[in-house]
Amino acid sequence: MPTVLETQQHFDKSAAVGVDSSVDKWPAIAPHFEAIPRGARIIECGAGTGLYTLPLLKAGYRVVANDISLLALKRLKVTMEAAGLADGLSLAPGDYVSALADVADPIQAATFIKVLHHFPDRDHIRAALHATLDRLPAGGRIVMFEPNGLAPHWFVRYRLLDTREKWLNERNIRLIRQSLFEDLCDSRNDCRLSLQYRFLIPGTFVSRIPGLSAADRLLTSLPGLRRFSANLICIIDKASA
Ligand SMILES: C[S@@+](CC[C@H](N)C(=O)[O-])C[C@H]1O[C@@H](n2cnc3c(N)ncnc32)[C@H](O)[C@@H]1O
């Protein structure tokens, strides 16, 4: 398993290169923020260079951007300043759980976008989610968007077609399963989980061709097919008192 330090070095390297090849999947993620009031403070774990910080700030949220890569956070800050959005931004550098503990401001919501599978193991993922839930007020929400660990094409893409370094950094995709989040919520009595699978049709096409998003939503709702979806969206709502 990659350690937190190895992961930090890997992402420092990509931030230095500065090319972000990720497909922007914001249209699929955005609806899950709608229940969070504008102006709320959201901690974004693994914000990277800010692909999703930008739309969150544009939507009127205050964002605490957390990342273990200082270089990525530096780039993120420059981008938000250039967009005139830095007022709503604060930075929380470091490994998520300790960085969260250092944030003094109240937090109403949290988001983990393509980051939990970079944690060293299941225990780190559980610890991050428990710490977040302990911190959120009743009515708070966690929005997670991760690769689906059941989908075989991640293994093909990273294990068979990519470099060994990439595989080492992506191999914990296998940990991201519906059961991980179900067990976590079952172990507490203060949260409610909802799940959605997305992107049976590759995101590159869905983001470019109108109409494909609706087709994808239909396909990913079919029980026999959804395990092959590229992504899993998990929402955890902290129960109101
Ligand atoms: C694949 S990138 C995703 C960046 C961004 N969320 C996006 O989707 O464009 C994962 C990010 O998570 C960060 N990360 C990995 N482990 C972390 C941890 N334990 N605490 C905070 N950030 C972490 C990495 O440094 C990296 O910037």
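**Close-up views of a predicted model**

**View 1. The open sheet and its edges.** Seven strands, numbered like the helices from the N terminus as DSSP runs (H or I of at least four residues for helices, E of at least two for strands), form an open sheet in the order 3-2-1-4-5-7-6 with mixed pairing, where two strands pair if DSSP finds at least two bridges between them. Strand 3 (89-93) and strand 6 are the edge strands, each pairing on one side only. From one strand to the next the twist averages 15 degrees. This is a predicted model, in which local features need pLDDT of at least 70 and side-chain atom pairs count only at pLDDT 80 or more, while totals for chains, interfaces and linings use all residues. Residues are numbered from 1 along each chain as its sequence is written.

**View 2. A parallel pair and a helix packed on the sheet.** Strand 1 (residues 41-45) and strand 4 (residues 109-113) are joined in the parallel sense over 4 bridges, and in this pair Ile43 stands opposite Ala110 of strand 4. Helix 9 (residues 178-186) packs on the sheet, where it touches strand 6 and strand 7, and its direction makes about 170 degrees with that of strand 6; residues are in contact if their C-beta atoms, placed from the backbone, lie within 7 Å, and angles run from 0 to 180 degrees between N-to-C directions, with axes as lines fitted to C-alpha atoms, for helices over the stretch in contact.

**View 3. Strand 7 between its two partners.** Strand 7 (residues 231-238) is largely enclosed by the rest of the structure, because 6 of its 8 residues are buried, that is, have 20 or more other C-beta atoms within 10 Å of their own, with C-beta atoms placed from the backbone (12 or fewer is exposed, and in between is partly exposed). Strand 5 (residues 141-147) runs antiparallel to strand 7 and is joined to it by 7 bridges, with Ile233 as the bridge partner of Phe145. Strand 6 (residues 191-198) also pairs with strand 7 in the antiparallel sense, over 8 bridges, and here Ile235 is the bridge partner of Ser194.

**View 4. Two nonpolar cores.** A nonpolar core is a set of buried Ala, Val, Leu, Ile, Met, Phe, Trp, Tyr and Cys residues joined through C-beta atoms within 7 Å; the largest has 50 residues, and those with the most contacts inside it are Ile42, Val63, Ala65 and Met144. Not counting residues up to four places away in sequence, Met144 touches Phe112, Leu116, Ile233 and Cys234. Another core, of 5 residues, lies apart from it and includes Ala151, Phe199, Val206 and Ala230. Ala151 sits in the loop between strand 5 and helix 7 (152-160) and counts as buried because it has 22 C-beta neighbours inside 10 Å. Leaving aside neighbours within four places in sequence, Ala151 is in contact with Phe228, Ser229 and Ala230.

**View 5. Helix 1 against helix 4.** The axes of helix 1 and helix 4 (residues 70-82) come within 7 Å and cross at roughly 35 degrees. Phe11, Asp12, Ala15 and Ala16 of helix 1 make the contact with Leu71, Ala72 and Arg75 of helix 4.

**View 6. The shell around the ligand.** The ligand is surrounded by 22 residues, the closest being Phe11, Gly46, Gly48, Leu51 and Tyr96, where a residue is near if its C-beta atom, placed from the backbone, lies within 6 Å of the molecule. Helix 1 (4-17) and strand 2 (62-67) are the elements that give two or more residues to this shell, and the largest share, 3 residues, comes from helix 1.

Note on methods. Contact = placed C-beta atoms within 7 Å.
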